[in-house]
Amino acid sequence: MKIVVTVKQVPDPSSTFTLEADNSLSRDKEVVLDPGDECGVEEALQLKEAHGGEVVLVSMGPDRAKEAVRKGLSMGADRGILISDAGLAGADALLTARALAAAIKTESPDLVICATESYDGSTGMVPPMLAELLGMPQVTFAKKVEIADSTVKVHRQTSDGYQVVEARRPALITVTAAIAEPRYASLKGIMAARSKEIKQLALSDLGIDKGEPAEMIESVADAESRKAGQVIEDDGSAVEKIVAVLAEAKVL
């Protein structure tokens with residue numbers, strides 16, 4: 001079984017985020033493998049240990065994004081693919097999905113694993129676009145995955161429990177942080193990762209052009225400060241006052 005995991009290099013979650021002049025996220029500070037992607041890599045490795053096969057990491061970013069791919073390789077993934085091209089700078093979700101899909105198609109995977117959303121963008125739009133472009137069924141918010149014959153069964157996390165959803169493979173799933181605790185890379189794994197292949201691709205290798213962006217950031221503004229609430233003291237008429245406030249807010 002071949003499993004492809006999409007991974008991304010993001011600013012360190014413990015650092016303070018800043019914006020560039022064009023409202024894009026500054027990546028000059030410390031960058032790491034997205035914590036959500038680490039969970040995806042861990043789940044892929046556990047499935048490989050249970051069923052055999054290969055785990056391939058696919059990423060898109062500048063040359064330094066190799067560090068994130070190498071982190072996944074040190075955990076135990078077999079090889080990586082990095083899509084890196086100056087024309088992809090500031091790519092929107094659709095262009096990102098198109099580039100990832102073009103690289104993934106050449107691998108013909110049985111299963112594609114993505115985080116539910118990236119830590120930096122947090123749009124959650126790339127996985128469903130990717131599934132559509134790959135022509136695969138998508139099952140989201142997986143907290144447990146079972147492989148049987150030609151199907152994948154997912155325990156899908158919801159606000160009040162979970163659903164059990166089954167799809168035919170090849171399929172794409174998005175995983176939550178509850179899926180697995182990422183393993184620490186051993187010294188042996190770190191050393192082995194240095195010799196593992198990271199294939200680098202450009203837009204020309206994928207046979208796609210940049211095209212016009214489907215989405216643009218028009219403006220960025222600070223969130224409104226939270227207003228102080230209204231305190232109602234019980235002087236014998238508190239109930240009437242609360243009812244009046246709720247009626248004004250059209251709650252009642």
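**Exercise 1. Which residues of helix 2 are buried?**

Step 1. In helix 2, the buried residues are Ala68, Val69, Gly72, Leu73, Ser74 and Met75. Here buried means under 20% relative accessible area, exposed means over 50%, and partly exposed lies in between (1.4 Å probe, protein chains only). Helices (H or I, at least four residues) and strands (E, at least two) are DSSP runs, numbered from the N terminus.

Step 2. A reminder helps when reading such a list: an α-helix has 3.6 residues a turn, so residues three or four places apart point the same way.

Step 3. Just after helix 2 comes Gly76, with a positive phi of about 140°.

A word on the model before going on. It is predicted, so local features need pLDDT of at least 70 and side-chain atom pairs count only at pLDDT 80 or more, while totals for chains, interfaces and linings use all residues. Residues are numbered from 1 along each chain as its sequence is written, and side-chain values use heavy atoms, with hydrogens and water left out.

**Exercise 2. Lay out the sheet and place the two helices on it.**

Step 1. Start with the strand order. The open sheet has nine strands in the order 9-8-7-10-6-1-4-5-11, with mixed pairing. Two strands pair if DSSP finds at least two bridges between them.

Step 2. Find the edges. Strand 9 and strand 11 (198-201) are the edge strands, each pairing on one side only.

Step 3. Add the twist. On average, neighbouring strands of this sheet are turned by 30° against each other, direction ignored. Axes are lines fitted to C-alpha atoms, for helices over the stretch in contact, and angles run from 0 to 180 degrees between N-to-C directions.

Step 4. Look at one pairing. Strand 8 and strand 9 run antiparallel to each other over eight bridges, and Val154 has Val165 in strand 9 as its bridge partner.

Step 5. Bring in the helices. Helix 1 packs on the sheet and touches strand 1, strand 4, strand 6, strand 7 and strand 10; the direction of helix 1 makes about 170° with that of strand 1. Helix 2 also packs on the sheet, touching strand 1, strand 4, strand 5 and strand 11, and its direction makes about 150° with that of strand 11. Contact means heavy atoms within 4.5 Å.

**Exercise 3. Which members of the largest nonpolar core touch the most other members?**

Step 1. Fix the term. A nonpolar core is a set of buried Ala, Val, Leu, Ile, Met, Phe, Trp, Tyr and Cys residues joined through side-chain atoms within 4.5 Å.

Step 2. Of the 34 residues in the largest core, Val5, Leu57, Leu111, Ile113, Val145, Val152 and Ile173 touch the most other members.

Step 3. Ask where the core comes from. Strand 1, helix 1, strand 4, helix 2, strand 6, strand 7, strand 8 (151-158) and strand 10 give two or more residues to this core, and helix 1 supplies the largest share, five residues.

Step 4. Zoom in on Leu57. Leaving aside residues up to four places away in sequence, Leu57 touches Val5, Val7, Val41, Val69, Gly72, Leu73, Ala77, Arg79, Gly80 and Ile81.

Step 5. Apart from this core lies another of 28 residues, including Met60, Ala97, Ala103 and Met136.

**Exercise 4. How many salt bridges does the whole structure hold, and what do some of them join?**

Step 1. The search finds ten. A salt bridge is a side-chain nitrogen of Lys or Arg within 4 Å of a carboxyl oxygen of Asp or Glu.

Step 2. Lys2 and Glu107 meet at 3.1 Å, N to O. Lys2 lies in strand 1 (residues 2-7) and Glu107 in the loop between helix 3 and strand 6, so the pair ties together parts 105 residues apart in sequence. Glu107 is buried, at 10% relative accessibility.

Step 3. Glu54 and Arg79 meet at 2.7 Å, N to O. This pair links strand 4 (residues 54-60) with strand 5, 25 residues apart. Glu54 is partly exposed at 23%, whereas Arg79 is buried at 18%.

Step 4. Join the pieces: salt bridges that share partners connect Lys2, Glu54, Arg79 and Glu107 into one network.

**Exercise 5. Where is the cis peptide bond?**

Step 1. The bond from Arg169 to Pro170 is cis, with omega near 5°.

Step 2. Pro170 sits in the loop between strand 9 (161-168) and strand 10 (171-175).
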